[in-house]
Amino acid sequence: MCGRKKRDPRIDEEQEKARQSAEAAKSAALAEQEKKREELLAQEKEAAATAAATAEADAAKAARQSELEVQAGELNNTGTSKKTGRTGGLFASKAARRRSRSARSGRRGRRSLLTSSGGGVGYFSRFS
(Lines give C-alpha, C1' and ligand atoms only; values in the text may rest on other atoms or scores of the structure.)
Protein backbone atom coordinates (compact mmCIF):
# COMPACT_ATOMS: atom_id res chain seq x y z
CA MET A 1 0.00 0.00 0.00
CA CYS A 2 1.11 3.55 -0.06
CA GLY A 3 3.06 3.39 3.11
CA ARG A 4 0.38 4.97 5.22
CA LYS A 5 -0.51 3.11 8.30
CA LYS A 6 -4.09 2.63 9.31
CA ARG A 7 -5.20 4.87 12.16
CA ASP A 8 -5.07 3.27 15.57
CA PRO A 9 -8.59 2.84 17.02
CA ARG A 10 -7.34 3.71 20.52
CA ILE A 11 -6.60 7.26 19.38
CA ASP A 12 -10.19 7.64 18.21
CA GLU A 13 -11.44 6.35 21.56
CA GLU A 14 -9.20 8.76 23.47
CA GLN A 15 -10.33 11.70 21.35
CA GLU A 16 -13.98 10.78 21.84
CA LYS A 17 -13.48 10.58 25.63
CA ALA A 18 -11.76 13.96 25.63
CA ARG A 19 -14.60 15.46 23.57
CA GLN A 20 -17.22 14.06 25.95
CA SER A 21 -15.39 15.30 29.04
CA ALA A 22 -15.05 18.77 27.46
CA GLU A 23 -18.77 18.86 26.71
CA ALA A 24 -19.57 17.78 30.29
CA ALA A 25 -17.28 20.48 31.70
CA LYS A 26 -18.86 23.07 29.40
CA SER A 27 -22.40 22.14 30.46
CA ALA A 28 -21.34 22.19 34.14
CA ALA A 29 -19.80 25.63 33.69
CA LEU A 30 -22.96 26.91 31.99
CA ALA A 31 -25.09 25.50 34.80
CA GLU A 32 -22.85 27.18 37.40
CA GLN A 33 -23.02 30.46 35.49
CA GLU A 34 -26.82 30.25 35.33
CA LYS A 35 -26.97 29.53 39.07
CA LYS A 36 -24.83 32.60 39.83
CA ARG A 37 -27.01 34.73 37.57
CA GLU A 38 -30.15 33.57 39.41
CA GLU A 39 -28.51 34.34 42.78
CA LEU A 40 -27.61 37.85 41.60
CA LEU A 41 -31.16 38.43 40.40
CA ALA A 42 -32.52 37.26 43.75
CA GLN A 43 -30.12 39.61 45.58
CA GLU A 44 -31.13 42.53 43.34
CA LYS A 45 -34.81 41.84 43.97
CA GLU A 46 -34.18 41.68 47.71
CA ALA A 47 -32.17 44.92 47.62
CA ALA A 48 -34.93 46.63 45.64
CA ALA A 49 -37.55 45.42 48.12
CA THR A 50 -35.41 46.61 51.03
CA ALA A 51 -34.89 50.00 49.39
CA ALA A 52 -38.61 50.33 48.76
CA ALA A 53 -39.39 49.41 52.37
CA THR A 54 -36.79 51.90 53.61
CA ALA A 55 -38.19 54.65 51.42
CA GLU A 56 -41.70 53.88 52.66
CA ALA A 57 -40.53 53.93 56.27
CA ASP A 58 -38.72 57.25 55.71
CA ALA A 59 -41.86 58.76 54.18
CA ALA A 60 -43.94 57.59 57.13
CA LYS A 61 -41.34 58.97 59.54
CA ALA A 62 -41.36 62.34 57.77
CA ALA A 63 -45.17 62.40 57.92
CA ARG A 64 -45.13 61.65 61.65
CA GLN A 65 -42.48 64.31 62.21
CA SER A 66 -44.51 66.94 60.35
CA GLU A 67 -47.58 66.01 62.40
CA LEU A 68 -45.57 66.42 65.61
CA GLU A 69 -44.31 69.82 64.45
CA VAL A 70 -47.86 70.95 63.76
CA GLN A 71 -49.04 69.64 67.13
CA ALA A 72 -46.16 71.29 68.96
CA GLY A 73 -47.06 74.64 67.44
CA GLU A 74 -43.84 74.64 65.46
CA LEU A 75 -41.60 75.35 68.44
CA ASN A 76 -37.96 76.09 67.86
CA ASN A 77 -35.23 74.60 70.02
CA THR A 78 -35.52 77.26 72.76
CA GLY A 79 -39.17 76.44 73.33
CA THR A 80 -40.52 79.60 71.71
CA SER A 81 -42.85 79.58 68.77
CA LYS A 82 -41.28 80.57 65.47
CA LYS A 83 -44.33 82.61 64.49
CA THR A 84 -45.35 84.37 67.72
CA GLY A 85 -42.14 84.35 69.75
CA ARG A 86 -44.02 83.06 72.79
CA THR A 87 -43.20 79.99 74.75
CA GLY A 88 -45.35 76.92 74.39
CA GLY A 89 -46.92 75.25 77.37
CA LEU A 90 -45.62 71.73 77.86
CA PHE A 91 -42.80 71.79 75.34
CA ALA A 92 -40.87 74.80 76.65
CA SER A 93 -38.34 74.17 79.38
CA LYS A 94 -38.53 76.02 82.68
CA ALA A 95 -35.38 77.95 81.83
CA ALA A 96 -36.83 79.05 78.49
CA ARG A 97 -40.03 80.24 80.19
CA ARG A 98 -37.97 82.07 82.84
CA ARG A 99 -35.86 83.79 80.17
CA SER A 100 -38.99 84.78 78.31
CA ARG A 101 -40.62 86.15 81.46
CA SER A 102 -37.55 88.19 82.41
CA ALA A 103 -37.27 89.58 78.88
CA ARG A 104 -40.88 90.75 79.01
CA SER A 105 -40.43 92.47 82.35
CA GLY A 106 -37.42 94.44 81.15
CA ARG A 107 -34.70 92.51 82.97
CA ARG A 108 -31.91 90.67 81.28
CA GLY A 109 -31.74 87.54 83.44
CA ARG A 110 -27.93 87.36 83.73
CA ARG A 111 -26.32 89.83 86.08
CA SER A 112 -22.71 90.52 86.90
CA LEU A 113 -21.32 90.00 90.38
CA LEU A 114 -18.16 91.84 89.40
CA THR A 115 -19.75 95.17 88.43
CA SER A 116 -22.48 95.02 91.07
CA SER A 117 -25.06 95.72 88.42
CA GLY A 118 -28.48 94.30 88.98
CA GLY A 119 -27.98 92.43 92.21
CA GLY A 120 -25.36 94.22 94.21
CA VAL A 121 -22.33 92.73 95.88
CA GLY A 122 -22.99 89.26 97.14
CA TYR A 123 -25.82 88.56 94.68
CA PHE A 124 -25.72 84.90 93.76
CA SER A 125 -26.30 83.85 90.20
CA ARG A 126 -26.05 80.35 88.84
CA PHE A 127 -24.70 81.75 85.56
CA SER A 128 -21.46 83.15 86.99
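Where is the place of Arg126? Select Arg126 and look along the chain: Arg126 is in the segment after α2, the helix of residues 94-104. Keep in mind during the tour that this is a predicted model.

**The whole chain**

Show the full protein chain as a cartoon. The chain has two helices and zero strands. Now switch to a surface view. The chain exposes about 11,500 Å², and carbon and sulfur atoms supply 54% of that area. Of the 128 residues, 8% are buried. Contacts can be sorted by how far apart the partners are in the sequence. Among contacts with a separation of 6 or more, residues 24 or more positions apart account for 5%.

**The positive patch**

Go back to Arg126 and add Lys94, Arg98 and Arg99 to the selection. Together these four residues gather in a patch of positive charge on the surface. Arg126 counts as exposed because its relative accessibility is 56%, and exposed means over 50%.

**The salt bridges**

Next, turn to pairs of opposite charge. Side chains of opposite charge can pair when their charged atoms come close. The count of salt bridges in this model comes to four; three of them are on this tour, beginning with Arg7 and Asp12.

Select Arg7 and Asp12. Their side chains form a salt bridge, and the closest N and O atoms are 3.2 Å apart. Asp12 has a relative accessible area of 37%, so Asp12 is partly exposed.

Select Glu16 and Arg19 next. In this salt bridge the closest N and O atoms are 2.7 Å apart. Why are Glu16 and Arg19 separated by about one helical turn? They are three residues apart in helix α1, which covers residues 9-71. Both ends of the pair are partly exposed: Glu16 has 36% relative accessibility, and Arg19 has 44%.

Stay on helix α1 and select Glu34 and Arg37. The two side chains meet in a salt bridge, with 2.9 Å from N to O. Glu34 and Arg37 are three residues apart in helix α1, so about one helical turn separates them. Is Arg37 buried or partly exposed? Arg37 counts as partly exposed because its relative accessibility is 44%. Its partner Glu34 is partly exposed too, with a relative accessible area of 36%.

**Last view**

To finish, display the patch residues Lys94, Arg98, Arg99 and Arg126 along with the salt-bridge pair Glu34 and Arg37. The patch is one of positive charge on the surface, whereas Arg37 and Glu34 are joined by a salt bridge.

Conventions. Residues numbered from 1 in each chain as written. Predicted model: local features only at pLDDT ≥ 70, side-chain atom pairs only at ≥ 80, totals over all residues. Heavy atoms only, no water. Patch = residues over 30% accessible without salt bridge, like charges linked within 9 Å, V, L, I, M, F, W, Y side chains within 5 Å. Areas by Shrake-Rupley, 256 points an atom, 1.4 Å probe, with all protein chains shown as cover. Lys, Arg positive; Asp, Glu negative; His and termini not counted. Charge placed at Lys NZ, Arg CZ, Asp CG, Glu CD. Helix = DSSP H or I, 4+ residues; strand = E, 2+ residues; numbered from the N terminus. Buried < 20%, exposed > 50% of the residue type's maximum accessible area, 1.4 Å probe, protein only. Contact = heavy atoms within 4.5 Å.
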